[in-house]
Every structure is written in structure tokens, then in C-alpha cells.
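Q: Got a minute to go through this one with me? I'd like to start with the surface and then move inward.
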Amino acid sequence: MGSTGTVLRELRGAQKSAKGVSLYSRYVNRPVGRVLAAGAYRAGLSPNQVTLISALFTYGAVASVALVEPSWTLAVLVYAALAVGFAFDSADGQLARLTGRGGPDGEWLDHVVDCGKLLLVHTAVLISFYRFGELPSEAWLLLPLGFQLAAVVTFCAGLLREHLGKAAASAQGPSWAAAPAAPVSRVRAVALLPADYGVFCLVFLLLGAPGAFRAGYAVLAAVHTLFLAAFLAKWFRELKALRAG
């Protein structure tokens, strides 16, 4: 087992493409995940164990949002746990690529944890609004449901786009698969920041000020809904082009 420095260098060489990745994931979450992956490697952990550690941090934070009255202390703890959970979510894939121990079971487990996270985090906000929030109107209870819909549909549609795209590209033969990839766009990386889960986690730092939290959460809900509409149109066009090709 090599030194931590050697492992980190190998992990840098095993990174996924930065195409379609926001600045937060590229310059914050992936580098932190790389350090966590190196530590997990030296500790002899498997990628699936790292996925479960990610779930422990994330789901613990989500349960706290639903069960504990909002405060500034809770805000810091919830944000920290969500951010660490997200970094471990990056670390499991990096560890799998480093060790060659990835497989369909690990990918499945990772997606199940991610889907549960998206469902539960907005459910927890809804419960918090109902239990602790002095809401201006009961209509605010609909906001987490709408945000949850946008988040889950984006996640599921993106996965389908990836898998159906790979299947269509395979059917087109080697010449299609060998087509050069589009260059990484920094403008796109900046534009994707509002849709990044890591940026979403930042809103929980406002839990100590319920009015500010509601406002920030509502803004992000609107932004994610707009991104969903744009993504759906883009992915539909891409899949249609694959069929035509």
C-alpha cells in the first residue's frame, strides 16, 4: 500500500471528466473527496463501505432537520454533515476507479442512496416547516413538494439520459463512440453552480433564521425548476439526435 501522496497522485489520474460539472464539484467536492478516498484506501475500506459512510452523514443531517428545532448550532451541524456526506459520495467512485473494485452493485447502491437523499431532504424541510415554522401561509408547505419533484425528476431523467445515450452510442458502432468529446466549458461550469447539490447544502446555514431560510430555499427551488426545464429539453434533443444518427 503506497504513501498517501502516491495514492493522491493516482486518484488525480483516475478522475472523471470535468465536462458538465460545476465549479463547486470540480474545485471543492472532488478534491475533498480525493483526500477522503485516499484515507479510505489506506484504511482498507471498500467503495460500498464509503457509500454507506456518506449515507450515515447525509441521513443523520436530514433526520436532524426534521426532528430538531432550527437554531444556528443546528444550521452549522447540518451543513457540515451534508457537505461531508457529499464529499464521501464523490470519494466512493474515486476509490472504485483507483482499486478496480467498482461494479454494478456499487453503482446501484450509490444511486439508491442518492435517490433517497433527494427524497428525504425535502421531506425533512416540509416536516420542519410544519412542526417549527411560523409560516406566513400554509401554501409554503407545498414548496418542499415542488422542490422535491424537480430534484427527483432531474436526477432520474439524467440517469436515463446517460444510460440510454450509452446504449444508443454502442448501437451506432465504434465510429460513433470515437467521436471527440466537447471541450470543458468554464462558463458552463459557472452557470451550473446553482444546480449543484453542494451549493444547495449552503442554504441550511440559514436554518437559524427561518425567514431567511425560507427565502433562500424558495429561490433555489425556482432555479432548480428552471434548470429542470432546460435539462429536459436538452436531453430530449440529444436522445432524438442519437436515434436519427
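Q: Which residues make the nonpolar surface patch?
A: Tyr-27, Val-28 and Val-32 make a nonpolar patch of about 250 Å². For patches, residues need over 30% relative accessible area and no salt bridge, with like charges joined within 9 Å and nonpolar side chains (Val, Leu, Ile, Met, Phe, Trp, Tyr) within 5 Å. The areas come from the Shrake-Rupley method with a 1.4 Å probe, and for residues only the protein chains shown count as cover.

Q: Before I go on, what are the ground rules here?
A: This is a predicted model, where local features need pLDDT of at least 70 and side-chain atom pairs count only at pLDDT 80 or more, while totals for chains, interfaces and linings use all residues. Residues are numbered from 1 along each chain as its sequence is written, and side-chain values use heavy atoms, leaving out hydrogens and water.

Q: OK, back to Val-28. Where does Val-28 lie?
A: In helix H2, residues 23-43. Helices here are DSSP runs (H or I, at least four residues; strands are E, at least two), numbered from the N terminus. Val-28 is partly exposed, at 36% relative accessibility; buried would be under 20%, exposed over 50%, and partly exposed is what's in between (1.4 Å probe, protein chains only).

Q: Moving inward: is Thr-58 buried or exposed?
A: Buried, at 3% relative accessibility. Thr-58 sits in helix H3, residues 47-67.

Q: And which residues is Thr-58 in contact with?
A: Leaving aside neighbours within four places in sequence, Thr-58 is in contact with Ala-81, Leu-82, Gly-85, Phe-86, Lys-117 and Tyr-197. Contact means heavy atoms within 4.5 Å.

Q: What about Ser-128?
A: Ser-128 is in helix H5, residues 104-132, and is buried with a relative accessible area of 6%. Beyond its neighbours within four places in sequence, Ser-128 is in contact with Val-65, Pro-70 and Gly-133.

Q: New topic, cysteines. How many disulfides are there?
A: Zero, where a disulfide is a pair of cysteine sulfur atoms within 2.5 Å.

Q: Why doesn't Cys-115 have a bond to the closest cysteine sulfur?
A: Because that sulfur, in Cys-156, is 5.0 Å from the sulfur of Cys-115, which is too far. Cys-115 is partly exposed, with a relative accessible area of 21%, whereas Cys-201 is buried at 1%.

Q: Now charges. How many salt bridges does a search of the whole structure find?
A: Five. A salt bridge is a side-chain nitrogen of Lys or Arg within 4 Å of a carboxyl oxygen of Asp or Glu.

Q: Give me the ones on Glu-238?
A: One of them pairs Glu-238 with Arg-161, at 2.7 Å, N to O. Glu-238 lies in helix H10 (residues 210-244) and Arg-161 in helix H6 (residues 142-172), so the pair ties together parts that are 77 residues apart in sequence. The side chains of Lys-234 and Glu-238 also meet in a salt bridge, at 2.5 Å, N to O. Those two are four residues apart in helix H10, so about one helical turn separates them.

Q: Does any sharing of partners show up elsewhere, and which residues are in that network?
A: Salt bridges with shared partners join Asp-89, Asp-114 and Lys-117 into one network. Within it, Asp-114 and Lys-117 meet at 3.4 Å, N to O.

Q: Buried or exposed, that last pair?
A: Both count as buried: Asp-114 is at 10% relative accessibility and Lys-117 at 7%. They're three residues apart in helix H5, so about one helical turn lies between them.
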